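Biologist: I would like to learn how to read a structural model with some care, one feature at a time. Could you give me the general idea in each case and then show me how it applies here?

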Amino acid sequence: MFSIIITAHGTLATAFKQSIRMIYGETSQVYSVNFEDGENADTLKMKLLEVIEKNGLQEVLVLTDIFSGTPFNAASMIAFTRKNVKVVAGANLPICLEAVANQQTETVYDFVSRIIQIAPDTIKPLNDLITVSEGDDLL
């Protein structure tokens, strides 16, 4: 089992957690940490550490919004010193849902390996999914 921390610019992390709750209902071991105006990487790192330590989290997956953005950098600073913390950038709602669906049955290490394989399937351009013959009415 692993715990999930979602961190992102603005209130996106909270929005992801609210959306997860809408779909799955109440979940345990899922936390959101917002990166707010006026904060810096050190402030966010302290907020992330507080969640980890206050809740006694062991295996931790940190999902961030943007590679090399402040949430990613703050989480990476923690991961460099804690081998039980894994960081993945590029979070979207399908990835968050997949993490929650598998957090009870996989280790964080296995999930991170698998998430790389499934990530491309979380983006679907409509035009790639349909074929329309000339004269067909879509609606």
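Modeller: Let us begin with a definition for helix packing: the axes are lines fitted to C-alpha atoms, for helices over the stretch in contact, and the angles run from 0 to 180 degrees between N-to-C directions. Please keep in mind throughout that this is a predicted model.

Biologist: With that in hand, at what angle do α4 and α5 pack, and how far apart are their axes?

Modeller: Two packed helices are described by the angle between their axes and the distance between the axes. Here α4 (93–102) and α5 (108–118) pack at an angle of about 145°, and their axes are 11 Å apart. The crossing in which α4 passes α5 is right-handed.

Biologist: Which residues of α4 and α5 meet?

Modeller: From α4 come I95, E98, A99 and N102, and these meet F111, R114, I115 and I118 of α5. Sorted by character, the residues of this contact comprise five nonpolar, one polar and two charged.

Biologist: Let me stay with α5. Which of its residues are buried, and why are they said to lie on the same side?

Modeller: The general idea is that an α-helix has 3.6 residues a turn, so residues three or four places apart point the same way. In α5 the buried residues are V108, F111, V112 and I115. They lie on the same side of α5 because they cover an arc of only 100° around the axis. The partners against which these buried residues pack are β3 (60–64), β4 (85–89) and α4, while the face of α5 turned away from the buried side carries I116 and Q117, which are exposed.

Biologist: Between α4 and α5 there is a loop that holds E106. Is E106 buried or exposed?

Modeller: The cut-off to apply is that a residue counts as buried under 20% relative accessible area. E106 has a relative accessible area of 14%, and therefore it is buried. Its side chain reaches the backbone nitrogen of F111 at 3.4 Å, and F111 is itself one of the buried residues of α5. If we leave aside the neighbours within four places in sequence, E106 is in contact with M1, F2, F111 and R114.

Biologist: How should I read a residue such as L93, and what does it touch?

Modeller: L93 belongs to helix α4 and has a relative accessible area of 26%, so it is partly exposed. Not counting residues up to four places away in sequence, L93 touches F16, S19, I20 and I23. With S19 in particular, the separation is 74 residues in sequence, yet the C-alpha to C-alpha distance is 7.8 Å.

Biologist: And N40, where does it lie and what does its side chain reach?

Modeller: N40 lies in the loop between β2 and α2 (41–54), and its side chain reaches the backbone nitrogen of D42 at 3.0 Å. A relative accessible area of 40% makes N40 partly exposed. Beyond its neighbours within four places in sequence, N40 is in contact with F35 and T70, and its C-alpha is 8.7 Å from that of A74, a residue 34 places apart from N40 in sequence.

Biologist: I would also like to understand backbone angles. What is the phi of Q29 and of S68?

Modeller: Most residues other than glycine have a negative phi, and most peptide bonds are trans. Q29 has a positive phi of about 60° although it is not a glycine, and S68, likewise not a glycine, has a positive phi of about 75°. Q29 is found in the loop between α1 (12–24) and β2 (30–35), where, at 24% relative accessibility, it counts as partly exposed. S68 sits in the loop between β3 and α3 (70–79) and is partly exposed, its relative accessible area being 44%.

Biologist: Finally, how many helices and strands does the whole protein have, and in what order do the elements run?

Modeller: The protein has six helices and four strands, and from the N terminus on its elements run β-α-β-α-β-α-β-α-α-α. The C-alpha trace spans about 60 × 35 × 25 Å along its principal axes, and 37% of the 139 residues count as buried. Among contacts between residues at least 6 apart in sequence, 73% join residues at least 24 apart.

Definitions and conventions. Residues numbered from 1 in each chain as written. Predicted model: local features only at pLDDT ≥ 70, side-chain atom pairs only at ≥ 80, totals over all residues. Heavy atoms only, no water. Helix = DSSP H or I, 4+ residues; strand = E, 2+ residues; numbered from the N terminus. Buried < 20%, exposed > 50% of the residue type's maximum accessible area, 1.4 Å probe, protein only. Polar contact = N/O pair within 3.5 Å; in protein donor to acceptor, adjacent residues only side chain to side chain. Contact = heavy atoms within 4.5 Å. Left-handed = near helix turned anticlockwise from the far one by under 90°. Nonpolar A, V, L, I, M, F, W, Y, C, P; charged D, E, K, R; others polar. Arc of directions from axis to C-beta.
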